[in-house]
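Please look through the sequence and the structure below, and then follow the paragraphs that come after, which go from a single residue to a whole chain and on to the place where two chains meet.

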Amino acid sequence: MKKILSLGLTLMAFCIIAGLSLGYINYLTADKISAQAEYARMSAIKEVLPDATIFEEKKAGEIKYNEGFADEGKTQSVGYVITAIGKGFSGDIVTIVGLKKDFTISAIEIVAQTETPGLGTRAVEVAEKGKEPWFETQYDGKSALLLVLDKDGGGDIKAITGATITSRAITKSIVSKAKELKENLSITGEDSTSAKQDTCSHPAEISLEEHAKCPHFKAHHPELADSLEKAKKESSAKGGSK
Amino acid sequence: MTFSKNIAKGFLVENPVLVLALGLCPALAVTTNAINGLGMGIAATFVLVMSNIIISLIKSLVPSNIRIPIFIVVIATFVTIVKLVMAAYTPALSSALGIFIPLIVVNCIILGRAEAFASKNNLFNSLIDGISMGAGFTATLIILGAFREILGNGTIFGASIMGKSYEPAILMILPPGAFFSLAFMVVGAKWLLEKVTGQRS
């Protein structure tokens, strides 16, 4: 009996020392770790919506999102940034998604994942010749509401070979979060298609670039918008950096 | 055991993966390419060396019949401390190694060496044992990862070497490929061992 008690107490002593050391190290590092996570999140938000200079955290219904503005006065909304969380192969995958006002994706960035190295982690790998993660950049310019994997019925999102679950989780989480945002925005009336945003609020003399930032630009001047987009695509294809 | 035998044993004679059959789980799971093998090897070596040192220091305080839980507590605590400190002060390295760090806790090599060597040998020898086993583990993982990467992806350390016309054998980077590659390496190691020691095992 004494023997068992002494063994138990010895084990307990070791565990107490271990627990205290862990608690102490955790206390020392907790602030730094959450600061790093927040810094990574903010950098990701800026990266996925590069046209915006100021971000404001908002809530529409149950969903939190960031709205990006091109100007300090927060009058020219560039788009939204949402956080999509999907159940990957081995844990949650957190993706920051930049959406333009019409819910096309400006960029995505996967900020947290614990997928299998070499398979699911290829979602964030940088291609050898290019500089951007190929899996993430393929989402640019597509409508966030209509994303489908090539494996799930001929969609245009290329799944990673051997990591279908990872690819599907990311794609579906983006679609569902974007849909949720769209629904909640329509309810609160902040939708870009609502009537009050349709009127011209810019001076008559305005440069094309400035004009393009107005929310009504596409609706009022579709041909101008199209030709501007084509010109942008051509200049970035010719080797402009992101 | 002489110093030279002690420092060299981890590479062939007592190779943790190929001869002692320790640490097979991470060896198979993360070696989908060479750089993963290297990353895992380095992280595990660091923990192994430190764990051997600590356990060798406390060996006289540990009652024999509860030594296993105590070793596990020491190892898991140490790995968690490493994880927290890296996440706070070296975030770039921490996210590069990512999931490898918590995976080290389940690496049998650490517990295996604690039990078989560090708890019975002095500090210096335990330190050398840790370095040797860790280096052998890393080398094995790099070779395993490189083999699977070349056949399964046409690249090595991310650089394409098989040319554009090579159709990668994707199987090699999936679990079955891991087992095949490991089997070949074990055979290779045994053959090499025979040549070196002149005995059949």
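Thr171(A) is a convenient starting point, and, leaving aside residues up to four places away in sequence, Thr171(A) touches Tyr139(A), Leu147(A), Val148(A), Leu149(A) and Ile157(A). This is a predicted model, and every value in the text is to be read with that in mind. Thr171(A) has its place in helix H3 of chain A, and it counts as buried because its relative accessibility is 3%, while buried means under 20%. The side chain of Thr171(A) also has a polar partner, for one of its polar atoms lies 2.8 Å from the backbone oxygen of Ser167(A).

From this residue we can step back to the chain around it. Chain A has 6 helices and 5 strands, and, read from the N terminus on, its elements run α-β-β-β-β-β-α-α-α-α-α. Of the 242 residues in chain A, 37% count as buried. If we take the contacts in chain A with a separation of 6 or more, residues 24 or more positions apart account for 44% of them. One example of two residues separated along the chain is given by Met42(A) and Ile96(A), which are 54 residues apart in sequence and 9.8 Å apart in space, from C-alpha to C-alpha. Of these two, Met42(A) lies in helix H1 of chain A, and with a relative accessibility of 27% Met42(A) counts as partly exposed.

Next come the charged side chains. Over all chains, the rule used here counts 10 salt bridges. In one of them the side chains of Glu57(A) and Arg41(A) meet, at 3.5 Å from N to O. Which parts of chain A does this pair tie together? Glu57(A) belongs to strand S1 (residues 54-60) and Arg41(A) to helix H1 (residues 2-48), so the salt bridge ties together parts that are 16 residues apart in sequence. As for their surroundings, Glu57(A) counts as exposed, at 56% relative accessibility, whereas Arg41(A), with a relative accessible area of 24%, is partly exposed.

Another salt bridge joins the side chains of Asp152(A) and Arg168(A), with 2.8 Å from N to O. Here Asp152(A) sits in the loop between helix H2 (134-137) and helix H3 (164-188) of chain A, and Arg168(A) sits in helix H3 itself, so that the pair, 16 residues apart, links distant parts of the chain. Asp152(A) counts as partly exposed at 32% relative accessibility, and Arg168(A) is partly exposed too, with a relative accessible area of 30%.

Helix H3 of chain A also holds a salt bridge within itself. Lys177(A) forms a salt bridge with Glu180(A), the closest N and O atoms being 3.9 Å apart. Because these two residues are 3 residues apart in helix H3 of chain A, about one helical turn separates them. Lys177(A) is partly exposed, with a relative accessible area of 22%, and Glu180(A) counts as partly exposed at 28% relative accessibility. In chain B, salt bridges link Lys9(B), Glu14(B), Arg113(B) and Asp129(B) in a network.

We can now turn to the place where the two chains meet. The contact takes 33 residues from chain B and 25 residues from chain A. The size of an interface is often given as the accessible area lost when the parts come together. Chain B and chain A bury about 2200 Å² between them, and 76% of this area is on carbon and sulfur atoms. How many salt bridges does the rule find across the interface of chain B and chain A? The rule finds 0 salt bridges there, and it finds 1 residue pair in polar contact, with both residues at pLDDT 80 or more.

On the side of chain B that touches chain A, helix H2 (24-30), helix H3 (34-58), helix H4 (67-89) and strand S2 (159-160) of chain B each supply at least two residues. The largest share of that side, 11 residues, comes from H4(B). Sorted by kind, the residues of this side of chain B divide into 23 nonpolar, 9 polar and 1 charged.

Finally, there is the question of confidence. The model scores ipTM 0.73 and pTM 0.66. Chain B has a mean pLDDT of 87, and 98% of its residues reach 70 or more. Among the elements of chain B, helix H5 (residues 91-97) has the lowest mean pLDDT, 73, and helix H8 (residues 123-153) the highest, 92. Where pLDDT is low, the predicted coordinates should not be read in detail.

Conventions. Residues numbered from 1 in each chain as written. Chains lettered and ligands numbered in written order. Heavy atoms only, no water. Contact = heavy atoms within 4.5 Å. Buried area = accessible area lost by both parts, 1.4 Å probe. Salt bridge = Lys/Arg side-chain N within 4 Å of Asp/Glu carboxyl O. Polar contact = N/O pair within 3.5 Å; in protein donor to acceptor, adjacent residues only side chain to side chain. Helix = DSSP H or I, 4+ residues; strand = E, 2+ residues; numbered from the N terminus. Nonpolar A, V, L, I, M, F, W, Y, C, P; charged D, E, K, R; others polar. Buried < 20%, exposed > 50% of the residue type's maximum accessible area, 1.4 Å probe, protein only. pLDDT = per-residue confidence, 0-100.
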